[in-house]
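Subject: Structure handover

Hello,

Here is the structure you are taking over, with my notes below it. Please read them with the model open.

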Amino acid sequence: MLIRLSFTKAICCKIASAMMGVSSITELDDIAKSAIGELCNMTLGYTATLFSKENIVVDITPPTILTGDNIELSIPNTVVMCISLLFEDGSQIEINVLVAEE
């Protein structure tokens, strides 16, 4: 199973600002990317804990952070479930769960 979290640059900056306790981050420097990676670790670590309570083993690896426009990932033989988290200001985070077909 592969999990992909997709954020706009603006959302990343808001999240990194909140996590680091600073007023406004405007660029995704190494520190900001580290904060986003930590958010992914916390989110998916908690998810793995929930799965383990159902006797489902999940192997967690460190997150890979990709930045840029129009990034395409092609993973053959997978089924993708997309979950959108919508915020009051109209912004969103996409969570894509990719599962290999058997």
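I start with A16, which sits in helix 1. Its relative accessibility is 0%, and because the cut-off for buried is under 20%, A16 counts as buried. Leaving out residues up to four places away in sequence, A16 is in touch with I25, A32, A35 and I36. R4 is 12 residues from A16 along the chain, and the C-alpha atoms of the two are 18 Å apart. Please keep in mind throughout that this is a predicted model.

Overall layout

The protein has two helices and three strands, in the order β-α-α-β-β along the sequence. Its C-alpha atoms fit a box of roughly 45 × 30 × 30 Å along the principal axes. Of the 102 residues, 21% are buried. Among contacts with a separation of 6 or more, 38% are between residues 24 or more positions apart.

Strands

Strand 3 pairs with both of the other strands in the antiparallel sense: with strand 2 (residues 78-86) over nine bridges, and with strand 1 over five. On the strand 1 side, L2 stands opposite L98 of strand 3. On the strand 2 side, C82 has N96 as its bridge partner in strand 3, and V79 has V99.

V79 belongs to strand 2. Its relative accessibility is 43%, so V79 counts as partly exposed, the class between under 20% and over 50%. V79 and N96 are 17 residues apart along the chain, with 9.9 Å between their C-alpha atoms.

Strand 2 and strand 3 form a hairpin with five residues between the strands, and G90 in this hairpin has a positive phi near 90 degrees.

Cores

Which residues make up the largest nonpolar core? There are 10 of them: L5, F7, I11, C12, I15, I36, C40, I93, I95 and V97. Helix 1 (9-20), helix 2 (30-53) and strand 3 (92-100) are the elements that each supply two or more residues to this core. Apart from this core there is another, of five residues, including C13, I25, A32 and A35. As a general point, nonpolar side chains in soluble globular proteins tend to be buried together.

C40, one of the residues of the largest core, has contacts with L5, G45 and P63 once neighbours within four places in sequence are set aside. L5 is also in the largest core.

Largest pocket

The largest pocket holds about 1300 Å³ of space. Its lining consists of 39 residues, and those nearest the pocket centre are I3, R4, L5, S6 and T64. Two or more lining residues come from each of strand 1 (2-6), helix 1, helix 2 and strand 3. Which element gives the most to the lining of the largest pocket? That is helix 2, with eight residues. By type, the lining has 22 nonpolar, 11 polar and six charged residues. L5 thus appears in two lists: the residues of the largest core and those nearest the centre of the largest pocket.

Positive phi in the loop

Most residues other than glycine have a negative phi. Two asparagines in this model have a positive value, and you may want to look at both. N70, in the loop between helix 2 and strand 2, has a positive phi of about 55 degrees although it is not a glycine. At 77% relative accessibility, which is over the 50% cut-off, N70 counts as exposed. N77 is in the loop between helix 2 and strand 2 as well, and its phi is positive, near 60 degrees. N77 also counts as exposed, because its relative accessibility is 56% and the cut-off is over 50%.

In short

The points to carry forward are the 10-residue core, the antiparallel pairing of strand 3 with strand 2 and with strand 1, the pocket of about 1300 Å³, and the positive phi values at N70 and N77.

Regards

How values were computed: Residues numbered from 1 in each chain as written. Predicted model: local features only at pLDDT ≥ 70, side-chain atom pairs only at ≥ 80, totals over all residues. Heavy atoms only, no water. Core = buried A, V, L, I, M, F, W, Y, C linked by side-chain atoms within 4.5 Å. Buried < 20%, exposed > 50% of the residue type's maximum accessible area, 1.4 Å probe, protein only. Helix = DSSP H or I, 4+ residues; strand = E, 2+ residues; numbered from the N terminus. Contact = heavy atoms within 4.5 Å. 1 Å grid on protein atoms, 1.4 Å probe; cavity = no way out; pocket = protein on both sides within 12 Å on 5 of 7 lines; lining within 4 Å. Points joined across faces, edges and corners; volume = space filled by probe spheres on them. Nonpolar A, V, L, I, M, F, W, Y, C, P; charged D, E, K, R; others polar. Pairing = 2+ DSSP bridges.
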